[in-house]
Amino acid sequence: MGRERTGRILIAHYSRSGHTARLADALARELAARGFEVAREEIRVVRDWNKWLLPLPLLPLLPFLPLYLLSGAFRRLWHRHFHQPEQAIRALRHSDVAGFDHVLIGTPKWLYLSFPVARWLTLVRGLDGRRVSAFATFCGPPLQVFELEMLFVPLDARLRARGAEVGDHLAISSDYHPYFFFGEMEALFRWLSRRVFGRPLTDFTLDGEVGRAALTAFCDRLAGGGD
Ligand SMILES: Cc1cc2nc3c(=O)[nH]c(=O)nc-3n(C[C@H](O)[C@H](O)[C@H](O)COP(=O)(O)O)c2cc1C
């Protein structure tokens, strides 16, 4: 038996099209049922960017993507030097998180961190010494390098740079991608899911067998059920 680790938890998230918000709601329900006192922060942008402008700052990786996927040394180099875009966010309800035992930060994957969450990480106070875990949604299945490392390695590095104690990760597929015109990216990720995992992409969503199990296991670990 692990030691009980309930207490005050803040669930902060940004969501552009609703999927990360739905995951944040599910986490809030699960953690409240495990005895946590749950507070919420919805990170809101000052101004929504046009959907076709969002990928522009991400384009520099594209020519290097094969190298990124193949070489761990290149990935380490890239993660040290790449430019993480940020987007202005509105005033926070919990601008200082020092009063919480644990903070969860939720983001959609926009190649790396979503831009509003990157801004939250620079603005929020009280991260020093705070245990922070991360949750995310992205279209694809949990591909080790392209999805998980590309998102969580830079996220964890930013948390450490702010003095936070990096906790756990949860990644859930949304089976949704806004690009390009005819669901091309969704089709690609559905194909990859079958090819790499031998499972339909829907298995990794919040309504799928693997996604639900991942959510339960994540909440059990947060509550001290085993780590
Ligand atoms: C600019 C941009 C980049 C994205 N990059 C990725 C990606 O690298 N991998 C992926 O699987 N999905 C990617 N997506 C899809 C989102 O991560 C996915 O739709 C997410 O679940 C949206 O969450 P939301 O509904 O909370 O905004 C991207 C979406 C946008 C807008």
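How are α1 and α7 oriented to each other? In this predicted model, the axes of α1 and helix α7, which spans residues 209-222, come within 10 Å and cross at roughly 45°. Angles under 35 degrees count as roughly parallel and those from 65 to 115 as roughly perpendicular, and α1 and α7 are therefore oblique to each other. Their crossing is right-handed. On the α1 side the contact is made by Ala-26, Leu-27, Glu-30 and Leu-31, which meet Leu-215, Cys-219 and Leu-222 of α7. By class, this contact of α1 with α7 has six nonpolar residues, no polar residues and one charged residue.

Helix α1 (19-33) also takes part in the surroundings of the ligand, since it is one of the elements that supply at least two residues each to the shell, together with β3 (102-110) and β5 (131-138). Of the 23 residues around the ligand, those that come nearest are Ser-15, Ser-17, Thr-20, Pro-108 and Ser-174. The residues of the shell divide by class as follows.

| Class in the ligand shell | Residues |
|---|---|
| Nonpolar | 11 residues |
| Polar | nine residues |
| Charged | three residues |

Strand β3 is met again in the packing of helix α4, whose buried residues pack against β1 (8-13), β3, β4 (112-113) and α5 (144-161). Seven of the nine residues of α4 (residues 115-123) are buried, so this helix is largely enclosed by the rest of the structure. The buried residues in α4 are Phe-115, Pro-116, Val-117, Ala-118, Arg-119, Trp-120 and Leu-121.

Notes:
Residues numbered from 1 in each chain as written. Predicted model: local features only at pLDDT ≥ 70, side-chain atom pairs only at ≥ 80, totals over all residues. Near = placed C-beta within 6 Å. Helix = DSSP H or I, 4+ residues; strand = E, 2+ residues; numbered from the N terminus. Nonpolar A, V, L, I, M, F, W, Y, C, P; charged D, E, K, R; others polar. Axes fitted to C-alpha atoms, helices over the stretch in contact; angles between N-to-C directions. Parallel < 35°, antiparallel > 145°, perpendicular 65-115°, else oblique. Left-handed = near helix turned anticlockwise from the far one by under 90°. Contact = placed C-beta atoms within 7 Å. Buried ≥ 20, exposed ≤ 12 C-beta atoms within 10 Å, placed from the backbone.
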